[in-house]
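Biologist: I should like to go through this structure with you and ask what lies behind the terms in use. May we begin with a strand and then turn to the contact between the chains?

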2 protein chains.
Amino acid sequence: MRCKRCRTKPVALKLPRHHTALCSDCLDHYVVDQVERAIRHFRMFRRDEPVLVAVSGGKDSLGLWDLLHRMEYRTTGVHIQQGIGGYSTDAEVKTRAFAEARGLSLVVHDLEREYGGGVTAMADMSRRSACSACGTVKRYAFNKIGRELGFQVVATGHNLDDEAARLLGNLLRWQVDYLAKQSPALPASHAKLIRKVKPLFRLTEQEVAAYAVLRKIDYVIDECPMSHDAHSLHYKAALNQLEHHAPGTKQFFYLEFLRRQPLAAAAGAEEAILNECTRCGEPTTGTLCGHCRVVEPLRQARQSEPAPASVSPVSPVSLDWEA
Amino acid sequence: MRCKRCRTKPVALKLPRHHTALCSDCLDHYVVDQVERAIRHFRMFRRDEPVLVAVSGGKDSLGLWDLLHRMEYRTTGVHIQQGIGGYSTDAEVKTRAFAEARGLSLVVHDLEREYGGGVTAMADMSRRSACSACGTVKRYAFNKIGRELGFQVVATGHNLDDEAARLLGNLLRWQVDYLAKQSPALPASHAKLIRKVKPLFRLTEQEVAAYAVLRKIDYVIDECPMSHDAHSLHYKAALNQLEHHAPGTKQFFYLEFLRRQPLAAAAGAEEAILNECTRCGEPTTGTLCGHCRVVEPLRQARQSEPAPASVSPVSPVSLDWEA
């Protein structure tokens, strides 16, 4: 079967939702084009603006970093060492190797060094799921590290499957307040927040995986061992089943939501008022921020002194490589 | 394992979403209670008011009729003979037998006798899916027959799975206008429309099936042979998968939607303005109603004269049994 675009090379990937099938070269063009469209449409960042890229070591985040670097954006990576045994070691090794091979700057933030324990310990101590604890601490670190290093924007590797699954979850639970915040480009709604963008939101997980393979990126293939029963995986499985029967379901579901988002936001969501956390000073809707609620039980168990409000809980970061 | 309610009889059905398991007697109480709650909460109909019950011959509609009859509501059944071979013959036989055994009135509306062809022919001629053609013609007939016989309300056997699947489909396609109309109790929004109610909306498909089995109702077990790839079946399968991992997902999704419905309706849905169909005079949002668009190609193919606007396309109905 020949590529439906160039009609010469053999097909590398079928894209049923676009009624097409592409060879490796045309798939590469397609992926770059979709990312460029996403960045331009949502004015995510300019070509001369430094962008912090959150990299886990998986296909999505390394694929994103590879894309932005090739597209000549000014990128620095930030990797959170979660302390989940061999999985995290492997992720850090692959992320460091990726950056080194391309001469890219990378910041590594080690949770065990920082808090005396990784995601598993934090989840246990704070009685949260590992995914909840991890997500809270990661979002906190991306924003704080980014801001302290002078970045105004952080990019994550969330793809169409991630966003559609999150939307489905928010609708199944009618978390209307979350709908208003589910955008591929979140503005800095507080002086201490930097912008958050998701340049891969137009590409499916399968398309990003194919891109990473074609680009010979050495990424962590395993899913995180803590996420085996995460709701998001069940939402993705349900959507994949529906996509199989009606290609385009996921894309229409999420992109049409974005088109209608002002309406959804009007339907009951209230603008959150942000305070500063009484412990760490970072923005929060409450008094003690989610991050401090997650890490404090672990800190106390480690018998270290609680950090006063004026002291940052994030270590001075190290730039391992300069671009 | 003993019933969690009476603690004496063995369990007939587990209800994970309610963290319980019931024996046959307690399940019966539960089902009757849920239906009574549904009827009262939405003021579906009074006990002295005649109710037309749409009966296909399946577990849901015969289960509903059985329930309403036991609960001493004043019911008459209406059955559409769809002309889908042995499946429809079986459905009509079982529906007639159910009514006869209980001395209940039943109206049978035969599509082949009426239009010269059944659902399959209508779908082919009007280039619609069988489910779309069937649904359009059935809704039309229930309303017209009900009104002409003096009923002000028609009840259908839609259960929680049906309603949650429909809601999921409407959200995946962002059919916001449909959301406003997705209620267990639709008012008569036009002089020629009667109320439409769904007293089983609080019960899952499995619960209704268990009720029908316990009541020894002889219903059609097979799914309609035309519906094997219907979207609704895929939505149900996806929701069942999610329910399995998180019991209560379906119920929360639909009941919380109902609670928030005024908000959803405000988010872009416009109140439909109803005209009268230029051919048959029944209410429609356009000029020619959906029913006439479905049946007209078949009528013309049968070389019968098109019915003038003043003549009803529904035959005088026959009351086979008087209650």
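Biologist: Which residue of β4(B) stands opposite B:Val51?

Modeller: B:Thr75 stands opposite B:Val51. Please note that this is a predicted model, in which local features need pLDDT of at least 70, side-chain atom pairs count only at pLDDT 80 or more, and totals for chains, interfaces and linings use all residues. Residues are numbered from 1 along each chain as its sequence is written, chains are lettered from A and ligands numbered from 1 in the order in which they are written, and side-chain values use heavy atoms, with hydrogens and water left out.

Biologist: What makes β3(B) and β4(B) a pair of strands?

Modeller: Two strands pair if DSSP finds at least two bridges between them. Five bridges join β3(B), residues 50-54, to β4(B), residues 74-81, so the condition is met. The two strands run parallel.

Biologist: Why is β3(B) called mostly covered?

Modeller: A residue is buried if its relative accessible area is under 20% (1.4 Å probe, protein chains only). Four of the five residues of β3(B) are buried.

Biologist: How many residues does each chain bring to the contact?

Modeller: Chain A and chain B bring 27 residues each, where contact means heavy atoms within 4.5 Å.

Biologist: How many salt bridges does the rule find across the interface?

Modeller: The rule asks for a side-chain nitrogen of Lys or Arg within 4 Å of a carboxyl oxygen of Asp or Glu. Across the interface of chain A and chain B, zero salt bridges are found.

Definitions and conventions. Buried means under 20% relative accessible area, exposed over 50%, partly exposed in between (1.4 Å probe, protein chains only).
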